[in-house]
Amino acid sequence: MIEVVEVGGSVLVEDLGRPGWSHLGVSPSGAADRGALVAANRALGNPVGAAALEVTGAATFRVDADLVIALSGARVEVALDGTPTRASVLAAPAGTVVSLSAPRWGLRSYLAVAGGLDVAPVLGSRSTDVLSGLGPAPLQPGDRVAVLPAAAGLPTRERDEARPPSGALVMLDASTGPRADWLADAGELYARPWQISALADRVGTRLEGEPLERSMTAELPSEGVLTGSVQVPPSGLPVILGPDHPVTGGYPVVAVLTATASDVLAQLRAGTTVRFRRAGASLVRR
Amino acid sequence: MLVELVDAAAARGFAASVRALEDQRVQEVVPGARTVLVVASAPEQLAAVRELVGHVQPGAHARGSSPEVVIEVDYDGEDLDDVAEQTGLTVEEVMRRHSEAGYVVEFVGFAPGFGYLRGLDPALQLPRLSTPRPNVPAGSVAIAGPYSAVYPRSSPGGWLLLGRTDVVLFDVAADPPARLQAGTVVRFVPR
């Protein structure tokens with residue numbers, strides 16, 4: 001068991017989500033920074049999609065069994081029973097208090113446990129979907145989460161990803177979307193700088209900047225959308241969909257982030273300046 | 001990839017045909033109002049999925065077997081009087097027109113199990129509320145624009161509420177978890 005002691009921002013259980021149910025209105029959900037979740041699991045020899053904690057803000061936990069834990073994602077300062085440590089894989093004997101500081105940079109850190117977290121799967125996933133309420137409720141102080149027996153997998157180390165410091169210009173690779181022709185000049189999306197606004201969560205991230213001009217102002221009949229879709233509502237300010245996005249939308253999707261860019265976006269704080277950079281086509285219209 | 005079709009019926013037929021292939025390289029098949037989003041299970045599968053989808057004949061899949069769901073409604077919704085006033089109809093006439101129409105799920109979205117039902121009487125087609133309610137109760141039967149719908153669980157919402165039902169439309173323990181999916185035929189019966 002791992003017990004939640006303090007929650008500064010949010011603590012959610014996330015794995016790689018529940019793909020395959022979009023036609024019934026169920027979002028894919030799963031870790032916002034999938035690469036970071038996979039890295040933490042690999043460091044422990046877990047299956048890559050084992051459930052872990054997605055933490056924003058400072059948080060404190062107490063383990064009540066001998067556990068091995070791994071941290072990834074946003075850079076946080078970690079202390080075991082108040083003693084700081086720089087390791088990203090830690091042995092935490094029963095009774096240890098594990099505290100994470102608010103991130104020095106980035107937004108979401110992942111705390112994985114050897115074996116993975118054991119909450120009841122819903123439609124094949126243990127992930128919390130904040131939009132639909134599927135999966136376990138966001139964790140609160142006093143909540144305890146069970147841990148599955150550790151698998152016999154061998155730990156492997158990811159290459160350390162160079163992550164951009166908060167506040168610098170961040171490039172987001174994006175393919176042309178199916179409705180890019182709804183913009184008066186699709187190139188403007190890539191040409192202009194954008195700021196991450198405070199309206200950002202697992203459902204979507206609104207950008208601020210000079211509004212884009214749409215060449216078509218009609219309402220788009222609702223159509224399926226993906227995590228990483230860049231929608232342009234009538235305001236002209238793009239919204240990038242996160243893992244808990246509604247499965248269909250009525251705003252034109254003018255670009256789609258690559259999987260890596262979606263992971264990067266999950267770590268960007270309000271005020272960060274981003275630019276879009278053209279990636280190869282991945283979403284084509286027939 | 002997003003495949004464009006002429007209308008919702010064609011999109012449903014195309015989606016059913018792609019789904020019937022049961023190909024592991026296809027992760028999602030999401031019908032929209034005039035499109036079908038087909039998602040490959042991995043980027044390296046995209047070319048193969050594009051090839052696969054290119055050979056699907058729209059409408060080849062049989063459409064005759066649409067399931068029907070009957071929804072019993074207590075017509076006591078908060079907006080019933082407003083709808084009557086806006087349309088110039090009596091409350092009884094609103095109820096009659098809403099329950100006598102035949103509906104089909106055009107697509108699912110907004111929330112798990114939330115079907116957009118096409119078939120609403122043109123006289124009942126009204127804009128949604130300018131300010132959405134923060135909490136619409138589960139089972140609310142509602143209308144907005146050309147659609148009717150049932151809220152499977154409580155959520156914020158801006159549709160006009162005509163009544164409520166006890167029918168459970170989304171249950172993670174059921175197979176399939178949603179009673180409504182694109183193509184499902186729906187009838188409302190006053191209770």
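**Strand S9 of chain A**

I started with strand S9 of chain A, residues 97-100, and looked at where its side chains point. Val98(A) and Leu100(A) face one way and are buried, which for a residue means 20 or more other C-beta atoms within 10 Å of its own (12 or fewer is exposed, in between is partly exposed, and C-beta atoms are placed from the backbone). Val97(A) and Ser99(A) point to the other face and are not buried. I remembered that side chains in a regular strand alternate between the two faces of the sheet. Strands here are DSSP runs of E with at least two residues, helices are runs of H or I with at least four, and both are numbered from the N terminus.

Note to self: this is a predicted model, where local features need pLDDT of at least 70, side-chain atom pairs need 80 or more, and totals for chains, interfaces and linings use all residues. Residues count from 1 along each chain as its sequence is written, while chains are lettered from A and ligands numbered from 1 in the order written.

**Who pairs with S9?**

Next I checked the partners; two strands pair if DSSP finds at least two bridges between them. Strand S4 (residues 59-63) of chain A runs antiparallel to S9(A), with four bridges. There, Ala59(A) sits opposite Leu100(A). Strand S6 (residues 78-80) of chain A is antiparallel to S9(A) too, with three bridges, and Leu80(A) has Val98(A) as its bridge partner.

**Domains of chain A**

I looked up the domain assignment, which comes from an automatic or database source. It gives domain 1 (2-147) and domain 2 (170-278). Their C-alpha centres lie 27 Å apart. Domain 1 puts 20 residues into the contact and domain 2 puts in 18, where contact means C-beta atoms, placed from the backbone, within 7 Å.

**Chain B**

Chain B has four helices and 12 strands. Its radius of gyration (over C-alpha atoms) is 18 Å, close to the 16 Å from the globule rule for 191 residues, so chain B is as compact as a globular protein of that length. That rule is 2.2 Å times the number of residues to the power 0.38. I also noted that 43% of the residues of chain B count as buried.

**Where the chains meet**

How many residues does each chain give to the contact? I found 31 from chain B and 25 from chain A. S2(B) gives the most on the chain B side, with five residues.

Technical notes: Contact = placed C-beta atoms within 7 Å.
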